[in-house]
Structures are given as structure tokens and as C-alpha cells.
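Visitor: Could you walk me through this one? I'm new to reading structures.
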Amino acid sequence: MDNKTEIEKLRADCQALEEQVKLLVRTELKLRRTQAELIQSREIIEEYSMTLEQKVEERTKELSMSEKRFKDIVFNSADWIWEVNENGRFIYCSEKVEDILGYTNKEIIGKPFYYLSLPNEAQRINQKFLKIASKRKPIKDMENWILTRNGSQVCLLTDGVPVFDDSGNFKGYRGINKDITYRKKAEELIKASELQYRRLFESAKDGILILDFNTGRINDINPSLSNLLGITKEETAGKKMWEVIFFDEPAETKSLFKEMQKKEYVQNENLCLKTREEHYIDIELVSNVYTAGRKKVMQCNFRDISERKHAEKMRFEKEAAETANRTKSEFLSHMSHEIRSPLNAIIGFSDLLVHSVEDEDQRSQVNIILNNANNLLNIINDILDLSKIEAGELGIEPAPVNINNLVKNVENVFINKIKEKGLSFIVEKDSNIPAILMLDEVRMQQILVNLIGNACKFTTKGYIKLILDKVSMHDGNDKMDLSVSVEDSGIGIPPEQQALIFEAFRQQLGQNTKIYGGTGLGLTITKKLVEMMGGTISVTSTPGHGSTFTIELSDIQVPRQEIISADETVFNPRSILFDKAKILICDDNQTARRLIMDVLKYSPLDFIEAENGEKAINAAMQYRPDLILMDLIMPEINGYDAARFLREHDHTRNIPVIAISASYPKNEEQKSFQSLFNGFLIKPVNLKDLFEMMKKYLSHKAVG
Amino acid sequence: MGTKVGVGESKQADPFMAGVEAARTALSNAGINTCDFVLLFATADYDHNKLLKGVRSVTGEAPLSGCSASGVITQTGPSGEGYYTESGLVKGESTAALMVFSSEKIRFQNFIAHDLKENSKKAGGEIAKKIHSQPDPPLLLVMFPDGLTVNSSALFSGIESNIKEPVLFSGGCASESLNAFKTYQFYNDQVFSDSVSCIMISGEAAIETAISHGCTPIGTEKTVTRAEANRIIEINNESAWAFFKTYLPENATDLTAELAGTLCLCERLPKQLATNYDTHIVRAPALKNPDGSIQVLAEIPTGSNIQLGRRDPDKISLNAKKMAERIRSNPGDRKPVAVLHFDCAARGKLCFGSEAKEKGIDVIQDVFDKNIPWLGFYAYGEIGPIGRKNFFHNFTASLCVIY
């Protein structure tokens, strides 16, 4: 091979090599692209994988969050979250159940749905659950009362949804139990309250109208208003207040409604309601506004005040009359006083003249002056009494009164006159009437004097009889009803006059005042005094045969402790001898102590003296006497306080204490008096009463 | 106070907010509130005017230089780069990264020169004038020329022929999203194209540069039979495009970045330079002109012998690691205050695919301390000296380490 050929061959080889280089370069380019495709695919896969991982991570995070959220909700929920299987048995139960029922969730799991339902409810609940479950329906607002561990009951509101697996098979229920006990109880209270208020509304004596605040349309009307107006509730339906309620002024209702809207509270007593029958009724209207639900309503109360208005009118008239009467009495009282002053001089000097004038005619004339002046004085006294009564100045003050003494005193007033007229005076007294009664002695005597005085006046022959009759005892013998009658055989009173004789200044028609005298006020005063004592007076009479005036007094108090009053019978202090005993005599008056010791000197008694309450207490504590005679009114410590002290101490509590006083205990003292003292003697002390009282507490013997 | 440097990055789509975020992060990482200088690289899809406003709303009037990029590189690796598939270009995500400097010792003077396409040499002359106007002698000139229009040979000549004392160059050509459409250069608050953005580093600093490639010449040696400036018209008496096309897939109609990134032109280096570098220096065909000529970013004069070269990924990684180790060993115990990194846009995902970070970047960064502020970008051409002579390169990684 020559050089040229060699060169040509090398060139050809280079060319071939260059072609291979080109091929390699192209192949490399293709490979690079393939490599780039692979890179892209890998990057896409990596990106997809990263996205997927990111999604998985996010989803896991979401699930974790969701689970945490669920746990937080379950843990913090006030409700009990549960799940039951297809057989209705709990397979999950949140811990909250323990707070609600007192059972742990472990105790509940496995138990049936109706577990802890009330025994009489369990079957019904189970049936209800099975029925709902059979239809795979959600459980909505099912309310059940459940027994808790401590035996109390709670009301649960159950909501749940059916649970299915991925294949759609029913697996049970999942839901929430809410404790609504408080709400249920509140609802019951509200219901009860609503019922209560509905009853009040229906039964209210006042008429009640409920209106829409804005329109005045009637929402409700109660039966009282319906009756008052004479319309039915149905007739008011849809109507406005001014279409149903009418007053004496036609335009008044609407303006009244507007006023009530504006002021919200209105009270009006000057309305005159017109009924369907066109009667007019005085009413008082009170309106109030309140919110019921979201609506503002107006309540109008209608009160029928016709009677009140009438009563007010009557009271007004009466007060006017009483004022006039009182003015009259005050005038009379004043005038009487003005008359008595000169009359006192007339009587006084006439009395002197009677004894100094020697001429018979003149003495007779002076006697006439004296008698007429005395009559005038009696008239004025009666007028004064009446005016005092009517002016409300004369009060009744009950105090222990010895009935026998009272009768005796009255008899003494008339004894001479009755003898002069040749009449008999008879006293008939029921022996069961207690000796002492709580009466106003002065006024009782005035009543009897008036009645017996009248009888004496109108009886010329025959008798006058005073009858005291016990009608009944009651309140454990603490009170009694007493009947006192004055009967005469006088001229009598015609029936038509009997009703008039108690009126002031009214005397029996035809009564000759010249013959009988008097002011015509005696019976009026008597009647008023009896009424002030809470009693009544009546008269029965047959003209020509006589009259009987009867007083009935009720609820006269009978003093419990035995109060022995003076007896006129002469008592011999030697007739009773007490055995040896210690007697404490407590009185600030030495003479009084001396008197008691003198009358008791025939018995072998040891006396201890005390001049006030304090010394009496000391002596009683020191000597322990068998009996204490205690004056009530003393300086420093009085009889009441001393007795109270003695009663409070064991050593002296049982020593009998007899009170001695110049005055009767007052009404307000009666109660404490009875608990402190064993008996009471009025001064001046009647010897017989003293001995009778002491006999109760000391051993003794009668002599002769 | 010394020198404070910080890097910030943002992937926000909104350019203003991306600028704000990157600047705030950089200042925060530097531990400063204000800075003396800002170096910014951002993917080309941003509205860079808004991006600059965002940055300067944080950094204020501090001088700013930088350019658009195919992707950015920080100490956390590369981001924002696109790549090709059968179905076409896959765009990378929008990214902006910037480095802030605050130093009493190191000074940064920035310039801008325009009209590279028309006259890169003139632009170089403008730069030289600006260098001369500075009071300090330059330590390094870092340039970011438009990667689609520059004639680096003319640019370098324009500078070097107009300065008294030689100065070393470093930098990278502004790039974009592998579309060969338009690149941008940043100067303070302004955005330009067909320009070169420059930084003159001066003051008390030591700067080490290094460069490496991983290409292997293949096939027989060819001759550039006709060339004008940086345009190769014929190779072996055949139109340059026709010559190239015989190596490309049959359906190739244009010199896409993908294709341009695969083949390169290797020029043999003189022996004295090849000792510390490689036997060849690498040039990439940048554009196919309508007349079938091929635009190259450096001049390859008529009569030059060239070989086609192919990228060898393993060699790229190996040489990059060696380069890093070499440059790291040079300054002894000194600790770098910042690293500027200009890597070829064809060496990212176009070369390594999904392993671009590990094989292209980590091999370099792993040699250095992880905390060193690091900023760079994928360029359409790299600038770096070999020995004391400035060269324009393709398919290389150019490092500039400031101590």
C-alpha cells in the first residue's frame, strides 16, 4: 500500500470514526432526553408521593385533632355520650355518666338501654327503643326518668342516630343523654304556676282584662268581668277594648286606653262602668303593663266599688251626724256646767234658809225653791251624763264587784221611799251567781237606780222586784252571762210607747211630768250604758199591770281567785283557833300590821313583821313562814315584785301569799295577780274573810 | 466591625414581595440593618423592575449589581433552573437570591456599560474608564455581560487595552430560562439588556479565583475556515450550522440550549496554561444565525483548529471538586467571608438531571464551611482567569472566594 492509499484509508477510517462519533452524540442526546423524562417522571412521582404523604400527614393530623376534639367535647360536655349495639346494650359510655347517675361508665357498659329506667317504665322504654331501632330511625328528644345510684330520679333527654358499618349493616345507636331534670322541674313549676295564675284569673273577684299593648285588642277576659259586663268571652274575641268596655262618658274608653299606654300604670277610682243592661257600676280600674314572651300586654283590673262608695257615703253622712251630735253634746255639757255653778249657790243658800227661816210660809216657799233646784240639778246631771256618753268621754271600767253589796247599796237608796209608798221590795238572786263579778260598779249601780227609781215612780201599790239570774257560765267558768230584771206592778207602758221610751227626751205619752217629774233622759242613759257594757235592754209591759225591764249582759268575767269581800255579819275572832304557825305580815302601815296581829292573838301564832317588799323577801328566805299576808302598795319593792321574787325561788315558791289592798287589781294586772297570789282581801279587811282565807292554808279548829 | 455578609432567598411569585423577603433575610442573616452593597440574581420570569423596588425598599440606596439567571445558587444549593424533556422546556420556579455586604475594609464599586451587541470592545473601554476613575486599585473585576449579545473577546480587549495595570476578571454571563430570548443586567434601581453589569472589588481583601470544566474532545480536529468576530461562518469549508447539524438529531432545526449544552467547541490551550487547568478551553455555540453561522461568545478566528467536545458528567464533578479543594487550600487558615459561584447553565439539570445539586454543586460546597455566605447563578458563559490571563469559558464552574 502506497502512502496515498494509506492516507486515503486513514481518511476513510477517520470518516467512519467521525460518523460513529456523530451517532454517539445523537444517541447521547436521546439518552439525555430519556434521562430527563425519567427525571421528570421521578419528580412527578416524588411530588405525588410527597403530596400523598403530606395528605396522609394532614389527614392523620386532622384525625388526631378530630379525636382530641371529640375527647375534649366528651370530657367537658355536661351531657352523657353513649353508644349501644344492635341489641340495645351499651358498648360505650362517657365518664360523665358518673356525675349524672352515680354509676361509673364501666358499670353501665354491657347493660341494656332501658337500664335504670323506673321499674314501671322499663318495658315501655324498651318497646319504644325496639320500635325506633326496627325502622333505623334517629332517636329524637326521648325523655325518660332514670333512677340514680342514690335513689333520686333524673330526667334524661335522649338523642341518637343509628350506626351502620361500611357494608350498611345496622350496628346500633350512638347519641347523647342530657340531664334535663332541672329544666323539667322548672317546667313543672311553670306549669303549676301557670295553672295557679289561670285559676286566680278565672276565680278572681275583680274583673280582669288582658289587652294587646299596641292595638288594644282583647287577649283574654275573666269570668268576673264577663259577668259584670253581661257579655260572654266569645263575644269579646277579636274586639278592642273600646268596643266592649263603655263608661258613662262615651269617648272615655279610648282616651283611657291611650293614657294607660302612655303611663303604663294607671289607677282610677272615678269610673262608672256601663253594663249591657245599661246599669252603671262604680269601678276602680288599675292597669299594668308587662311583657309576656315577646309581646307587651296590658292588664286591666276592674273592681266593683259600688258598695264601698255607698258605705263611704253612709259613713260620711254618719260622721257628719255624729259631729253634729257631738257638737250638741259639747254644747250641753258646757251649758250644764254654766248652769250648775249658780244652781250650787241656789241650793246651798236655800238649805241655809230652810234652817234659819222661822216663818212657816216662808220656809215652805224656800223648800219649794230647794226641791225645784234639786230637780233642776238632777236634770242637769242626767244631761251631763248623756252628753258625756255621746261625746265618748264616759268609759266602762270593769273591776271586781261584790254583787250582794251592790244590791244592798241600791236597796238602801230607795228603802225609805218604798216604805213611804207602802211597796214591797223583793230581791231574787240565783245562788249560783259568783259573789264577785268584773263590772263597772258605778255605772251598774246607776243603771239599777234608774230602773228601780222609775219603777218606784210609777208604782203606787204592790211591789218592785229585782231579779238577778245567771244565764250561763262558759270559757271554763271564767265568764258568765247575767240577766238583771226590774219588775213592778205599776201603771205599765202601752205597746206603742214601749219603743220610744229609750229615746232621749221622750217620755211616755200622757205621762204627767208634774206628777212623775223627771227629765226623760233616765232610760236613754240606761240604754246607752248597757250597750257600752256590751249588753241589751228590753221592756215588757201590760198597761195597768206593770212593767219589766230586762238587761242581758254577756261575757262578764269571773275572777278566778277567790276574792272575799266584806261581809256585814259579825264575826267572833275567838271562834277559830289556828295551830302554831309562822305568819309574815308585810305592810308599810304599822297600824295595819298591829290590827292583824290583834285579831289573831287568840291563836299560838308567831308573827314576823316587814315594812316593805325587800324586808319581806329577806324574812321569808330566813324564816320560811307558813303564810304571808302581803300589802300590795308599798315603797321601794312593792307587793307584786316581792311576790314575784318569792315565786321564782325554790325555798319560798310554795309559801301561800295573800294579797291585801285598799284597791282592786286592775284588769291588766289580773293575769299576773293570779299567778303570784293565792288570795285577795280588800281593805278594810273583814275579819271573817281573813279567817276564812287563812283557814285554807293553816291547820285550825273551831271553838264553841 | 469587619465584614458582614448575608444571603437571602425568596421564591415568592410577587416580584416586589420576593425582593423584600430576600433582602430582609439577607440583612437578618448578616446581622445588620443596612448594607454597603447588594448583589442580586433572579430568574428571568420576574418583573425585575418591581423586584429591584422590593429589594431597595429594604436596602435603601445601597449600590446594587446583578443579572437575570437560569437558576440561582446559595449555600442551600441550586434553585429555579429549568430543564428539557421530549415535550419541551420545563420551567423552573421563580427565585431571587441576593447577598448583602457591609464592610469597612472591602469596597464595591459598580458600573454599567451598554450596547454589547453593537460594540463589546467599546463597552470594555467604558468600563476601563470607570476603573481608572476609582481611587483604589482594583482587586478583581466581576462582570455580568448579556449572555446572548456579548463578544467576550472584544469586551476583554476593550478593558485590558485601556487599563494600565492588569486586573483579573471573574463573573458570569446573564442568562434566562433557557429560551435564548433576552437577558437582563441590574444596576442600582435600573434593569438593562445588552449591557454588562460590573463590580470592582477593592480594599483590604484577598480574593482567590478558580475555574474548571469536564468536557472531553471527541472526533478529529477541524478548522474554522471562515469567521468574523465571534461568529463562525464555516468549519471545514462547510457552513457552521450544516457542520453542527450532522451531529444533532435529524429533526433539529435550531441550536436550542439543550443542543448547545451538549456539544461544545474545544480550543487547545498553550502548554504553560494547560498545566494548571486542562488541555483545552471550552467554547459553546450560543446561537444559530439565520445565515447558518454560529454565534460564539468568544472569538475563534479563521484558521483556528477546534475539536468538538462532549460533556462528561463524571469529569465535571471530579474536576469541580478538585478545583474547590485547590482554591480552599490556597489561603491557609483564612476563613472566607463570601463565595461567588458562576456555573454553566448547561451543567445543572441539563447535565445532571435530578442530581444537579449533589453532583454539580455539593461537590464544590462540601469542601467549604456550610455557613459561608454563598451566592451564584447558572450563567450563559463564565469568566475566570487561567493563571494570570483572563478567559471567557463555557461549560465551567467559576469560583471567586473573598477572604
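Visitor: How many residue pairs are in polar contact between domain 1 of chain B and domain 2 of chain B?
Guide: There are nine such pairs, with both residues at pLDDT 80 or more, where a polar contact is a pair of N or O atoms within 3.5 Å, one able to donate a hydrogen and the other to accept it, and residues adjacent in sequence count only if both atoms are side-chain atoms. This is a predicted model, in which local features need pLDDT of at least 70 and side-chain atom pairs count only at pLDDT 80 or more, while totals for chains, interfaces and linings use all residues. Residues are numbered from 1 along each chain as its sequence is written, chains are lettered from A and ligands numbered from 1 in the order written, and side-chain values use heavy atoms, without hydrogens and water.
Visitor: Which side chains meet in a salt bridge?
Guide: Lys315(B) and Asp278(B) do, at 3.6 Å from N to O, a salt bridge being a side-chain nitrogen of Lys or Arg within 4 Å of a carboxyl oxygen of Asp or Glu.
Visitor: And where do the domains begin and end?
Guide: Domain 1 of chain B covers 3-211 + 315-402 and domain 2 covers 215-311, with bounds from an automatic or database domain assignment. Their C-alpha centres lie 25 Å apart.
Visitor: Switching to chain A, what caps the N-terminal end of α18(A)?
Guide: Asn612(A) does, through a side-chain oxygen 3.1 Å from the backbone nitrogen of Glu614(A). Helices here are DSSP runs (H or I, at least four residues; strands are E, at least two), numbered from the N terminus.
Visitor: What about just after α18(A)?
Guide: There, Arg624(A) takes a positive phi of about 50°.
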